[in-house]
Each structure stands twice: as C-alpha cells, then as structure tokens.
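Here is a set of short exercises to work through with the model open on your screen. Try each task yourself, then follow the solution step by step.

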Amino acid sequence: MKLLYGTKRIISQKDFLSMEAITAQQLNELLELAMDLKERLNKGYLDTPLKGKILGMIFEKNSTRTRVSFEAGMLQLGGHAIFLSRNDTQLGRGEPISDTAQVLSEYVDAIMIRTTGHDRAETLATSSSVPVINGLTDLEHPCQALADLLTIKEEKGTLQGIKLAYIGDGNNVANSLMMAAVKSGMQIAIATPPGYEPDPLLVEKAMTEAIINGGKIELFHDPEAAVKEADVIYCDVWTSMGQEKENEKRLEDFKKFQVNEQLAAGAKLDYLFMHCLPAHRGEEVTSSIIDSSNSIVIKQAGNRLHAQKALLVDLMVKPN
C-alpha cells in the first residue's frame, strides 16, 4: 500500500498559520496525504512516525474538536500531546508569548495554538524554533478548512467546479474556507449581512487565486442568491466565542440568514450540508437540516483528525 510521508516535505515553510500561505499544489498534496493516512488507519496499519515526538498545545480559547482531534492524532502517530490552557501557563500571568515560544521550543517538537489575535500566532511562530500550527485565530481557521475540503472531496470525488455556498458571518472559518476553495478550483458564494463580510484583504487575494486556479468567488447580501444551484451549503454560528456581548444585535442582523428547508430548496437536490460545529440549532440552522440525510457534519468533524495528522506528519517528520 502506498505511503506518502517520509520522503519529502509538502509545506516548504516551518509553520502552518494561514491557508493563504500555502500553494494550491501544497494544499492538494496535504489532502492526498490525509486521505492516505485515513485509509491506512481504517485498514489497520499502525503508522507511528511521531514516536517520541511531543506536541505542545496552547489553548487560549476552549474547544472540543480541536483538542481531542490533535491529542488523538498524536497518539495514533506514536507521539504525545500536552494541553496548556492560559491559566496553566505563565501566559495567564502576563508572560510575553515570545518568551513562552522560546521556552516551549526547548521541550517540545511542535506547538499548536488556539488563540484570539492572529498576531499572537505569528509572534509565537517567529520566536519559536519548532513548527507552529494555527488551531484557530480571529482571522483564520486553516485546519478546519483542510478538513472541510477533505470531506467534500471524499463525498463528491473532486473539488474542481464544485459550488459551495457559505451563509452567515464572514469570520475566520469563512476566510480560510474561501482561500482553500478558490485554490482548489471551486466556486464559493458567500452571503453575509452588510458589515459582516470576510476580511477584505483576503477577499482580494482570493480573487487573484481564483483566476490562477480556475475558481470563482462571489459575495452577496442575499442568501437565496448564494445558495442557487449550490453543491454544498455551509454555515457557522452567528455569535462566536468572545462575541457574547454582541449576541442580541447579531440575532437581529442575521435573522434572514438561517439555513432552513426553504433556503436549501434553492440548492441542488443532492446538496451537502456542512457546519464546523458546535451548532446553535434554531438560530443559524434548523434541526430539520442538520439532522437530514444531506448533512455530513459528523464526518466533517471526524476529518479534523485525519487532516491534522497530515499536517503533523509533514511538519514533524524529517524526510529520509
């Protein structure tokens, strides 16, 4: 059986902080590696290329899927992961993240960080001598986008020409998904309320990537226009962690952006429904949609494990 790791690096840079930073070819090869690792696991192969390796995991924002998938991934690959919350480290007492980066580099072989400002992940990476993975920042969520494309490719057999409609907040999930989609030759239609569009600089760069790779990006304020003939409908919560004070205003601003049966009727009959979870049922999506036969949200969540294993192997294994 094929073995796609150990002979060369896919990502040329030390870190994985942004979907913008990797090439279309690197993205495709990461997906192939993830599919290979998943297939090998399902067939019972015991691959332990990270035996003796340690991943430090800094969580300044809580998560179920990110923590468990990284920990499980490291264990399956023969390594170990150490969970570090803000209150369990000197970060909670004001230690500069650059100092934390240098100290952790003495102990571990790679660091994953889930934090607020993207600049904190960048500072950590700059100051660290070991690879740094972005487990989520306010700007990007590239690990989620990797798992999303892996799931779509498994379901549809291809990414080229697939139309994905993203409905809701133009947040970190939307930013990374947008960039990953156009690099893969997909069409992405993003519908947000006015004032909630994706990051404008990333939109500009994504439009360039779309031209290069045969993708397409469209921005709407009308969810019905975005969903028309879509292969995939995707949404996220309207109020993310740290935005709780805005909840009442957001509920009002997003009330026309719920993914329900009426909206989904505009997509193709065999459309897929995706959500990065956790979902607020009855807000951004109805139970009739997320529990329907069109929904692949559990498989999507499961693929966080396999997509991140590809990243860990690529960043932490020294090629032969």
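**Exercise 1. Find out how many bridges join β3 to β4, and place these strands in their sheet.**

Step 1. β3 and β4 run parallel and are joined by four bridges. Strands here are DSSP runs of E with at least two residues, helices are runs of H or I with at least four, and both are numbered from the N terminus. Two strands count as paired if DSSP finds at least two bridges between them.

Step 2. For one bridge pair, take Ile111, whose partner in β4 is Val132.

Step 3. Before going on, a word on the source: this is a predicted model, in which local features need pLDDT of at least 70, side-chain atom pairs count only at pLDDT 80 or more, and totals for chains, interfaces and linings use all residues. Residues are numbered from 1 along each chain as its sequence is written, and side-chain values use heavy atoms, with hydrogens and water left out.

Step 4. Now look at β1 (residues 54–59), which pairs with β3 (residues 110–114) in the parallel sense over five bridges. Leu55 has Ala110 of β3 as its bridge partner, and Gly56 stands opposite Ile111 in β3.

Step 5. Put the strands together: the order β2-β1-β3-β4 gives an open sheet of four strands with parallel pairing. Its edge strands, β2 (80–85) and β4 (132–136), each pair on one side only.

**Exercise 2. Decide whether the residues of β3 are buried or exposed.**

Step 1. Use the cut-offs: buried is under 20% relative accessible area, exposed is over 50%, and partly exposed lies in between (1.4 Å probe, protein chains only).

Step 2. Check each face in turn. Ala110, Met112 and Arg114 on one side are buried, and so are Ile111 and Ile113 on the other.

Step 3. Since five of the five residues of β3 are buried, the strand is largely enclosed by the rest of the structure.

**Exercise 3. Work out the strand order of the sheet that holds β5, and say which strands stand at its edges.**

Step 1. Start from β5 (residues 163–167) and β6 (residues 187–191), which run parallel and are joined by five bridges. Within this pair, Ile167 stands opposite Ala191 in β6.

Step 2. Extend outwards to get an open sheet of five strands, in the order β7-β6-β5-β8-β9, with parallel pairing.

Step 3. β7 (216–220) and β9 (272–275) stand at the edges with a single partner strand each, so one side of each is left without a neighbour in the sheet.

**Exercise 4. Describe how α5 meets α6.**

Step 1. The axes of α5 (residues 142–156) and α6 (residues 172–183) come within 8 Å and cross at roughly 45°. Axes are lines fitted to C-alpha atoms, for helices over the stretch in contact, and angles run from 0 to 180 degrees between N-to-C directions.

Step 2. That angle makes α5 oblique to α6; angles under 35 degrees count as roughly parallel, over 145 as roughly antiparallel, 65 to 115 as roughly perpendicular and the rest as oblique.

Step 3. List the residues in contact (heavy atoms within 4.5 Å). Pro142, Ala145, Asp148 and Leu149 in α5 meet Ser176, Leu177, Ala180 and Ala181 in α6.
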